[in-house]
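Work through the following exercises with the sequence and the structure side by side. Try each task before reading its solution.

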Amino acid sequence: MNQLSAQKPLILRFSYISPLAFLFLFVVSCKSAKVDYHVPPETVLSEETALSENPVAVVQVDTTAIEDIEALISRKETAAEAYKPSAKIDFDILHTDLDLSFDYQRQAVAGKAELTVKPFFYPVRELVLDAQDFELDEIFFIQRGNKETVRYDYNGEKIRIYLPGELAKTDTFRIVMDYIAFPERNSGAGSEAITDTKGLYFIDPLDTVPDKPRMIWTQGETAHNSKWFPTIDSPNNKFTQLIKLTVSDTLVTVGNGELVKQEELGDGMRKDYWEMKLPHSAYLAAFAIGDFGKVEAEWEGVPLGYYVEKGYEKGAGKVFKNTPEMIGFFSDLLGVRYPWPKYDQIVVRDFVSGAMENTTASIFMEELRLTEREAIDSEWDYIIAHELFHQWFGDYVTTESWANLTLNEGFANYSEFLWNEYKYGRDEAKLKLIAEMENYFLEAETKQVDLIRFDFEEAEDMFDSHSYSKGGAILHMLREYLGSEAFFAGLRHYLMAHALDNVEVNDLRIAFEKVCGEDLNWFFNQWFLDKGHPELRFEVDYSDSKNIQISVTQLQNLSTTPLYRLPLDVSWYEGDERKSKQFMITKAFQKIDLGNENPVELILLDEKKDMLAKKSVDMNADQMRQQFKLSQFGVARYEALDSLAAWEAVTELESIVPEALDDEFWSVRESALSILQGYTDWLEDSPELARKIAHMAENDERNSVRAGALDVLSAFAPDEYYATFSKLASDSSYLVAGSALMGLVSVDSHRIDPAVIEGFASEGNFRMVIPVADYYITNSIGGKGDWFMNHANTISGEGLYYYLGYFSEYFSRFPEEGKEKAIAYLLEKMREDARSYIRLGAFQALLGFTEDEKILKKIAEVADHERDGELTMYYQYFLEALKDEN
C-alpha cells in the first residue's frame with residue numbers, strides 16, 4: 001500500500017509508506033517518580049510524643065509517596081491482568097476429518113466433522129471447541145465402538161460438550177457433528193497484515209461480476225479457521241487431517257497435504273480428498289477452489305504446483321520460476337530438507353493479506369496474477385521466499401502462542417534477506433534490510449513494545465513491524481555476532497529438536513547456546529524481551545590521525561529501554577585496502593582508541609549497515625562524498641548519495657553523479673537518475689552526460705534503471721528524444737514501455753500523432769494505461785468516459801490505486817462523461833473493497849468532487865463505517881479540513 005495524494009503520480013515505481021506517516025508523528029516519553037519506601041528516622045514521631053509537645057499538632061502524612069505507591073500497585077495489577085499466557089492444553093486433537101460442501105447462495109459451509117481427541121494430562125469431563133457462527137444439531141461421542149449422543153451448550157463462539165464421564169489421558173475418543181457454518185456472520189476488521197476475520201471467503205458467489213471468477217479460499221490466521229470447522233483454534237494444538245471437498249467437476253481444488261482420492265458423485269459433482277499425514281496447527285489448515293490453471297514443477301521428487309486463473313499460466317511460470325531453487329537453497333542452508341510431501345502456491349482474487357503460509361499450500365494476493373509480459377519485471381521473490389521459509393519456521397516448528405509471533409514472522413522476514421544475498425548479492429540484500437529497519441523505526445515513533453509480549457489486547461495486534469521487521473533485523477545481528485556457521489548450525493539444532501512441535505523464545509536461545517557454548521541471555525533479554533532500540537551519538541576525534549578516538553553515547557531513555565551491549569564495526573580504507581576493527585559497546589558513555597597506526601582521514605561506523613540503531617555522527621558533505629568514493633559496499637555508496645541529495649549538496653552531487661551512473665549496484669544507478677530528474681540543467685551543460693543517459697535507457701541490464709533513464713530524458717527534453725520514446729514504448733518490459741510512453745505524451749502535442757497514442761489505448765497494464773489517461777486529460781479529449789470506466793473495472797492490485805487519481809480527474813473535468821457513475825463506483829470501492837489501500841485510493845479520488853456538499857456528506861457516511869483505525873484517522877483529518885473550508 002502506498003501513500004499518494006489524489007494527484008496523479010509522475011514516476012511509476014513505488015514503495016510502501018504508511019498513509020499517516022507524514023501526518024501523525026508523536027513523540028512520547030515519560031519519567032517515573034522516585035519512590036522512597038523508608039521514612040527518615042528523624043521525621044518519625046509517635047502520636048504520644050507529638051501530642052505532648054503540641055496538643056494541637058497534626059501528624060503530617062507524605063501523601064505524594066502514598067500516591068506513588070498506589071500508582072505503582074495499579075500499574076502492576078494492570079500488567080498482571082493484561083498478561084495472556086499460552087493457551088492451556090486440556091485436550092489434544094490428534095486428527096481432524098472434515099466432509100464439506102458449499103452453499104453459494106447463502107455463502108455457507110455444510111460440514112460433517114469427526115475429531116479424534118484425548119485429554120492432555122488431567123482427568124476431564126468437558127470438552128470446549130471453538131466454532132464461530134455455526135448452526136448445530138446432535139453431537140455424538142464415540143469410544144471403543146460405542147456411539148452416543150452427548151449434551152452441549154453453544155454460545156455462537158464455543159461449544160461446551162459434556163462428556164459421558166471423567167476421562168483420563170489414556171482415553172482416546174471421537175466427537176462427530178453435522179453443522180452449517182456462516183463465515184459472513186460477525187466478521188470484522190483484522191490487523192495491518194490480515195484485514196478481515198471471516199476465515200473462509202466466497203468470491204463473487206452468485207457470479208454477478210463480469211470477468212471475475214467465482215472462488216472459495218480460506219485464511220485461518222490467527223483464530224479464524226473455527227469460522228468453518230470446529231477445533232481448538234490455538235497454535236499450540238497440532239493434528240493430522242483429512243479434508244473432503246464436494247465441488248462441481250469443472251472446478252479445481254487445492255488443499256494441505258496430498259490429493260489421495262477423487263470420487264465422481266454424478267450430476268456434475270466430485271469429491272476431492274486432501275490428506276495431511278503430518279500434524280500442523282489449526283490456523284494452517286486451508287484450501288482453495290476455483291477454475292484454476294496449473295503449472296507443474298518439481299524439486300528433488302517433491303511436486304510443485306503454481307495455480308492461477310486460466311490464461312495466466314505462462315506468467316505464473318515466470319513469477320514462481322525460482323521456487324525449486326529456493327527450496328534447495330533453504331534446505332541446504334538449514335541442514336533440514338523441505339519437510340512436506342508437496343508445495344503448492346495459489347493466486348486468488350481479493351485476498352485479505354499479502355500471502356498466507358498454509359502448510360504445503362501458500363495462498364497469494366492477486367498482484368501475483370501476471371501475464372507473461374508483466375512477469376518480465378516480476379519482483380515477487382521476496383514474498384515467495386517469505387511464505388516458503390514459513391514451511392520450516394511457522395509450520396514445521398510453530399510458535400506456541402501469538403506472544404511469540406516473531407518466531408514465525410521474524411524468520412520469514414529474514415528469509416527475504418537470505419534469498420537476496422544468495423541470488424542477487426549482498427548489496428541488494430542489505431538494501432532490503434535497511435528498508436525493514438526503517439519500517440520498524442517509523443512504527444517505533446508512536447509504538448515501542450517488547451518483541452515477545454504477552455499483554456496484547458488482540459492477537460491481531462502482534463502483526464506489526466516489531467514482529468516482522470525488527471524480528472528479522474535482530475536475527476541478522478545475531479548471525480553477525482555468532483558468525484554464519486554457528487548461526488545456521490543453531491537453526492538446524494532448533495528445527496530438529498522441535499520438529500512438528502511448538503516453541504517459545506527460550507527454545508531458540510537454548511538452541512544457539514547448545515551450538516556456540518556461550519550464554520546469550522544478554523542478547524535475548526535486550527532484543528527479544530525488552531522494548532526500544534539504541535540511539536547512539538558518535539563523536540570522532542581526528543586530531544591524532546594515527547590513533548583516531550571515537551566517543552559513543554547511548555541516548556535512549558534508560559527508564560524504559562535497555563542499556564545495550566553492542567558489537568560495533570569500525571572501518572577505514574588505506575588505498576584500496578579495507579581495514580576494520582570490532583569493539584563491544586557496554587557503557588552509556590564509552591571512548592574507543594582505534595589504534596590505526598597509519599594516518600586515516602575518514603572512518604566509517606557500521607559501514608555494512610548491520611546494526612539496528614538510530615545513529616548520529618557529524619559528517620560534512622565532503623566526507624559523505626569520500627564515503628561514496630571509498631566504500632566497497634553498494635549500500636554505503638547508496639547511503640552517501642541519498643544523504644547528499646537530502647542535504648541538497650549540489651556541488652558534491654554534481655561531482656559524483658557521473659560515477660554513480662556507472663556503479664555496479666543497480667540501486668545506486670537508479671538513485672543517481674532520480675537525482676538527475678531534479679537537476680536536468682546538468683545535462684544542458686554536459687552533452688556527454690545526456691548521451692550516457694540515452695544509452696542507459698536502451699542498454700542497461702536492469703529494466704528499472706532503463707525506466708529511470710527515460711524519466712530523466714522526459715524531464716530534460718522530451719521533444720529531442722521522441723524517436724527513443726517511440727521505439728521503447730513497445731519494449732517487452734512494461735516498466736520500460738510505461739516510462740517511454742509517459743515520455744511520448746510529454747512531447748509537444750502538435751508533434752504527436754493521436755493514432756499512435758490510440759494504438760496503446762487497448763493495453764491493460766496500468767503502466768501503459770496511466771500515460772494514455774494522462775494524454776486524454778492533458779489534451780482535453782472527450783468521449784473517453786467508457787474507456788476510463790472499463791479500465792477501472794479491469795485494473796487490479798496496486799495498479800488500480802495509482803489509476804484512481806486519473807480516473808477522478810477525468811470525470812471532474814468532463815462530468816458529462818459519467819460523473820455520477822464514477823462517484824458511485826468510487827464510493828463502492830471505498831465502502832466494500834477488502835484492500836485498505838484501495839479504499840484509501842478511492843477516498844483520495846473522491847476528494848476531487850467535494851465541492852458538492854451532497855457528495856461530501858456521502859463520503860463522510862462511508863468513512864463512518866471504516867474499520868481500519870489508521871484510515872479512519874486519515875479520513876477524519878481531511879474531512880475536518882474540508883468542513884472548515886466550506
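**Exercise 1.** How much accessible surface does the chain have, and what percentage of it belongs to carbon and sulfur atoms?

*Solution.* The model is a predicted one. Its chain has an accessible surface of about 38,700 Å², and carbon and sulfur atoms hold 48% of that surface. Turning from the surface to the interior, 54% of the 886 residues are buried.

**Exercise 2.** Explain why the chain can be called as compact as a globular protein of its length.

*Solution.* Begin with the secondary structure, which comes to 28 helices and 29 strands. The globule rule gives 29 Å for 886 residues, and the radius of gyration of the chain is 31 Å, which is close to that value, so the chain is as compact as a globular protein of that length. Then take the extent of the C-alpha trace, which spans about 95 × 90 × 65 Å along its principal axes. Finally, consider the contacts with a separation of 6 or more, of which 68% join residues 24 or more positions apart.

**Exercise 3.** Check the length of helix α10 (residues 505-516) against the expected span, and describe its surroundings.

*Solution.* First, the 12 residues of α10 should span 16 Å at 1.5 Å a residue, and because the end C-alpha atoms are 17 Å apart, the two values agree. Next, list the buried residues of the helix, where buried means under 20% relative accessible area: Val505, Leu508, Arg509, Ala511, Phe512 and Glu513. Their cover includes α6 (406-423), α8 (466-482), α9 (484-497) and α11 (521-527). Last, look just after α10, where Gly517 takes a positive phi of about 75°.

Terms used. Residues numbered from 1 in each chain as written. Predicted model: local features only at pLDDT ≥ 70, side-chain atom pairs only at ≥ 80, totals over all residues. Heavy atoms only, no water. Helix = DSSP H or I, 4+ residues; strand = E, 2+ residues; numbered from the N terminus. Rg over C-alpha atoms; globule rule 2.2 N^0.38 Å. Buried < 20%, exposed > 50% of the residue type's maximum accessible area, 1.4 Å probe, protein only. Contact = heavy atoms within 4.5 Å. Areas by Shrake-Rupley, 256 points an atom, 1.4 Å probe, with all protein chains shown as cover. Expected span 1.5 Å × (residues − 1).
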